[in-house]
Amino acid sequence: MKTLFALFALASLGTVTAANAQQAMDPNMPGMEHAAQPADAQGVGVIKAIDTAKGTITLQHEAIKAIGWPAMTMRFKAASPELLTAAKVGDRVRFGLKPNGMGGTVTSVTPAN
Ligand SMILES: [Cu+2]
């Protein structure tokens, strides 16, 4: 009887361990999903164009090391229309960016030196 109990205990222990391991590697876990989401990045660049009709801002930005982007000029979507009136073409700005593949959405624009 003692042996049977020991075997049972061992078997349940093995089951629990296997379940934990599986859960830890499940990418659909809420915690993992959050971790996989790209965080906002910060960039610095000069505004080359603003299109209030399309809601876009073109920035000649410096390299953004946090997300591995080299320096380049590109057009971004603006998160809100207010961002497009916060600065003007030719201004050097610090901007918040929600990257999405090779593009992204600018979430903030503040003057930079
Ligand atoms: Cu770019």
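Biologist: Which atoms count as donors to a metal in this predicted model?

Modeller: The model is a predicted one. Water is not among the atoms, so a metal site may look incomplete. Donors are the N, O and S atoms within 2.8 Å of the metal, or within 3.2 Å for Na, K and Ca.

Biologist: Which residues coordinate the copper ion?

Modeller: The copper ion has its donors at 1.8 to 2.6 Å, and these distances fall within the 2.8 Å cut-off. One donor is the NE2 atom of a histidine, and the others are SD atoms of methionines. The coordinating residues are His61, Met72 and Met74.

Biologist: How are the donor residues of the copper ion spaced in sequence?

Modeller: The donors belong to His61, Met72 and Met74. Written as a pattern along the sequence, their spacing is H-x10-M-x1-M.

Biologist: Is methionine 74 buried or exposed?

Modeller: Buried means under 20% relative accessible area, and partly exposed covers values from there up to 50%. Methionine 72, with 28%, is therefore partly exposed. Methionine 74 has a relative accessibility of 10%, so this residue counts as buried.

Biologist: How many aromatic pairs does a search of the whole structure find, and which residues do the ring pairs link into a cluster?

Modeller: The search finds two aromatic pairs. Tryptophan 69 and phenylalanine 76 form a stacked pair, with 6.2 Å centre to centre and 15° between the planes. Phenylalanine 76 also pairs with phenylalanine 95, their centres being 5.8 Å apart and their planes at 45°, so this pair is tilted. The cluster linked by ring pairs consists of Trp69, Phe76 and Phe95.

Biologist: How far apart in sequence are the parts that the pair of phenylalanine 76 and phenylalanine 95 ties together?

Modeller: Phenylalanine 76 is buried at 1% relative accessibility, and phenylalanine 95 is buried at 0%. Phenylalanine 76 lies in strand S3 (residues 72-78), whereas phenylalanine 95 lies in strand S4 (residues 92-100). The parts that this pair ties together are therefore separated in sequence by 19 residues.

Biologist: Where is threonine 56, and what is its relative accessible area?

Modeller: Threonine 56 is placed in strand S2 (residues 56-61). Leaving aside neighbours within four places in sequence, its contacts include Ile50, Arg75, Phe76 and Leu84. Threonine 56 is buried, and its relative accessible area is 11%.

Methods: Residues numbered from 1 in each chain as written. Predicted model: local features only at pLDDT ≥ 70, side-chain atom pairs only at ≥ 80, totals over all residues. Heavy atoms only, no water. Helix = DSSP H or I, 4+ residues; strand = E, 2+ residues; numbered from the N terminus. Buried < 20%, exposed > 50% of the residue type's maximum accessible area, 1.4 Å probe, protein only. Contact = heavy atoms within 4.5 Å. Phe/Tyr/Trp six-rings, centres within 6.5 Å; stacked < 30°, edge-to-face > 60°.
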